[in-house]
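Work through the following exercises with the sequence and the structure side by side, and try each task before you read its solution.

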Amino acid sequence: LFPHDRYVLRSYSPVDTIVGGEILDNLPPRHKRTDATVSDRLQVLQQADPGKALAVFCKEAGLKGLTAAQIQSRLGLDTARQQALVEKLLKAGQLTAFSREPLLVADPQAIRELEQLVQQELKDFHAKNPLKQGMLREELRARLPYGTSEKLFSQVIEKLVEKNNIGSSREYLFLAG
């Protein structure tokens, strides 16, 4: 089922139309009936703008990110249109690619939050353990939200080391200074 396909369900005997509708999202997240954000989300998806829909899906994917296959199954675009859309959103800064082969994209805000979380975890670690050299890389990764992509984690660590916000020594990570 692809978004914006229309479906009608009819009974066999007697021939009656039971229900009809339009598929807006073929893999919606769980939500409560009283959640006010659901109607806003559905209004965005109903506009049939694949760029806005992809931004919504990336935001929902959080720190897991989305693969090219997941984007294709959610949007139903052919490969050429999908690649053009992703490139356009990457250039506009609405998406961030944290891997090119295979393609993995995430919401830039989620990446900024992960950077802040990594720095906060290291700050807390140093406050509790002032005599230790630093935190083990895998220990830090284990403290992050469940489902955080390993590739995203690695890219964030590289970026923070590059910006001299954190330091790295073998398998240890520590705040700069």
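**Exercise 1.** Is Arg-141 buried, partly exposed or exposed, judged by its relative accessibility?

*Solution.* Keep in mind throughout that this is a predicted model. The relative accessibility of Arg-141 is 27%. Buried means under 20% and exposed means over 50%, so Arg-141 counts as partly exposed. As a further step, look for its partner: Arg-141 forms a salt bridge with Glu-150, and the closest N and O atoms are 3.8 Å apart.

**Exercise 2.** Describe the salt bridge between Arg-41 and Glu-60, and state which parts of the chain it ties together.

*Solution.* Begin with the distance: the closest N and O atoms of Arg-41 and Glu-60 are 2.2 Å apart. Next, place the two residues, for Arg-41 lies in helix H1 (residues 37-46) and Glu-60 in helix H2 (residues 50-61), so the pair ties together parts that are 19 residues apart in sequence. Then consider accessibility: Arg-41 is buried, with a relative accessible area of 14%, whereas Glu-60 is partly exposed at 34%. Finally, widen the view, since salt bridges that share partners join Asp-25, Arg-41, Glu-60 and Arg-74 into one network. One member of this network, Arg-74, also lies over the face of Phe-57, at 3.9 Å from the ring centre.

**Exercise 3.** Find the distance, N to O, in the salt bridge of Glu-115 and Lys-163, and then locate both residues.

*Solution.* The side chains of Glu-115 and Lys-163 meet at 3.9 Å, N to O. This pair links distant parts of the chain, 48 residues apart, with Glu-115 in helix H5 (residues 108-128) and Lys-163 in the loop between helix H7 (150-162) and strand E7 (166-169). Glu-115 is buried at 8% relative accessibility, while Lys-163, with a relative accessible area of 43%, is partly exposed.

**Exercise 4.** Why is the protein chain described as more spread out than a compact globule?

*Solution.* First take stock of the elements: the protein chain has seven helices and eight strands. Its radius of gyration is 21 Å, well over the 16 Å that the globule rule gives for 177 residues, and therefore the chain is more spread out than a compact globule. The C-alpha atoms fill a box of roughly 80 × 35 × 25 Å along the principal axes. As one example of separation, Leu-90 and Tyr-12 are 78 residues apart in sequence and 48 Å apart in space, C-alpha to C-alpha. To finish, turn to burial: buried residues make up 33% of the 177 residues.

Methods
Residues numbered from 1 in each chain as written. Predicted model: local features only at pLDDT ≥ 70, side-chain atom pairs only at ≥ 80, totals over all residues. Heavy atoms only, no water. Lys NZ or Arg CZ within 6 Å of the ring centre and 35° of its normal. Helix = DSSP H or I, 4+ residues; strand = E, 2+ residues; numbered from the N terminus. Rg over C-alpha atoms; globule rule 2.2 N^0.38 Å. Buried < 20%, exposed > 50% of the residue type's maximum accessible area, 1.4 Å probe, protein only. Salt bridge = Lys/Arg side-chain N within 4 Å of Asp/Glu carboxyl O.
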